[in-house]
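Here's a quick briefing to read alongside the coordinates. Have the viewer open as you go.

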Amino acid sequence: MDKIAELTEQIVKRFKDSGFDVDPKEVSKRLNLLIHEFKVPESEAVRTVTNYLMKELEISREQLVAESPLVKVSDITSPGRWVSLKAKVVQLWDATSPNVSQVGLIGDETGIIKFVIWTKAGKGEVEEGKSYLFRNVVTDSFAGRMQVNINRSSQIVEIDEDIQLPPRELEVVGALVAIQQNSGLIRRCKLCNRTMTKEVCPVHGKTEGYDDLRIKGVIDDGENFYEVILNEDNIRELTGIGLKEARKMAEERLDRNAVLTELKNSLLGRYFRVVGTRGERYLIVREVEFLKQDIRELAGELL
Ligand SMILES: [Zn+2]
């Protein structure tokens with residue numbers, strides 16, 4: 001969709017949402033004139049045409065649905081609200097559905113949030129590291145997490161502003177208080193790397209998988225809980241159990257869960273220092289080490 005058509009739709013929709021019908025042809029003609037003939041900036045043109053229509057229809061500004069308010073990421077706490085936000089694209093993920101044009105994380109100095117650009121929205125593509133004004137996006141909640149959806153009524157405008165992000169590198173010192181069931185020797189889908197359950201990928205169904213070793217756990221530093229992900233290297237460093245050893249253990253005991261039991265026995269309740277990158281939900285651990293003031297060692301010394 002070209003710019004004029006997009007702005008036209010935005011104006012027509014705003015009036016329609018307020019209970020007034022305006023002629024898209026008229027709107028489009030005026031926008032075209034202002035933007036292309038008189039070189040008026042787009043936002044100014046939209047304002048001018050909106051004011052003209054309000055005059056024609058003899059309606060006041062109060063009768064028009066407000067433009068969605070400019071908010072910060074941390075303000076987004078409930079679904080179903082129309083908002084605008086200035087944010088930087090932190091990370092693009094692989095879109096796994098043809099309905100999704102782009103998906104990933106955006107953020108400002110107050111936080112990071114998932115975004116989805118629907119294919120039907122027909123919006124231009126955003127790039128990692130660039131900042132944009134996301135205008136008229138809808139807040140949504142999915143699996144307990146907030147996100148913003150960019151649809152046909154939304155606008156994405158690149159801005160010449162370097163939006164700051166919250167610090168992402170984090171060091172946590174605390175006790176590993178939980179290891180989730182889907183840890184240990186796991187299977188991942190060869191196509192998308194997602195964790196499989198009984199050789200079934202949540203996206204690709206029954207397909208080929210490969211073994212991996214990971215721990216999804218919770219570290220308690222006395223103030224907060226951090227959901228952490230340890231990879232094979234982290235686990236091998238701590239326990240001496242790598243993928244090879246884990247496979248052998250599973251084969252010998254004829255039970256893949258034996259690995260998880262073993263990891264729980266040697267790691268649960270112990271104290272660690274971890275350094276990693278904070279994602280939307282998990283702290284992706286890069287470095288991990290046992291702490292000297294480990295409770296078991298202290299107990300051992302006391303005995
Ligand atoms: Zn898959």
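What follows covers a metal site and a set of paired strands.

This is a predicted model, where local features need pLDDT of at least 70, side-chain atom pairs count only at pLDDT 80 or more, and totals for chains, interfaces and linings use all residues. Residues are numbered from 1 along each chain as its sequence is written, and side-chain values use heavy atoms, with hydrogens and water left out.

**Zinc site**
- The zinc ion gets its protein donors (N, O and S atoms within 2.8 Å of the metal, or 3.2 Å for Na, K and Ca) from Cys 189 (SG), Cys 192 (SG), Cys 201 (SG) and His 204 (ND1), at 2.1 to 2.3 Å.
- Water is not among the atoms, so sites may look incomplete.
- Angles between the four donor atoms run from 104 to 115 degrees, so the arrangement is tetrahedral (four donors, all angles between 85 and 135 degrees).
- Along the chain, the donors are spaced as C-x2-C-x8-C-x2-H.
- Cys 201 counts as buried because its relative accessibility is 2% (the cut-off is under 20% relative accessible area, with a 1.4 Å probe and protein chains only).

**Strand E3 and its partners**
- E3 covers residues 111-118, and six of its eight residues are buried, so the rest of the structure largely encloses it (strands are DSSP runs of E, at least two residues, numbered from the N terminus).
- E2 (residues 100-108) runs antiparallel to E3, with eight bridges between them (strands pair if DSSP finds at least two bridges).
- A hairpin of two residues connects E2 to E3, and Gly 104 has Phe 115 in E3 as its bridge partner.
- E3 and E5 (residues 145-150) run parallel, joined by four bridges.
- Gln 147 in E5 sits opposite Lys 114.

Key. Four donors count as tetrahedral if all angles lie between 85 and 135 degrees; four count as square planar and six as octahedral if opposite donors are over 155 degrees apart and all others between 65 and 115; anything else is irregular. Buried means under 20% relative accessible area, exposed over 50%, partly exposed in between (1.4 Å probe, protein chains only).
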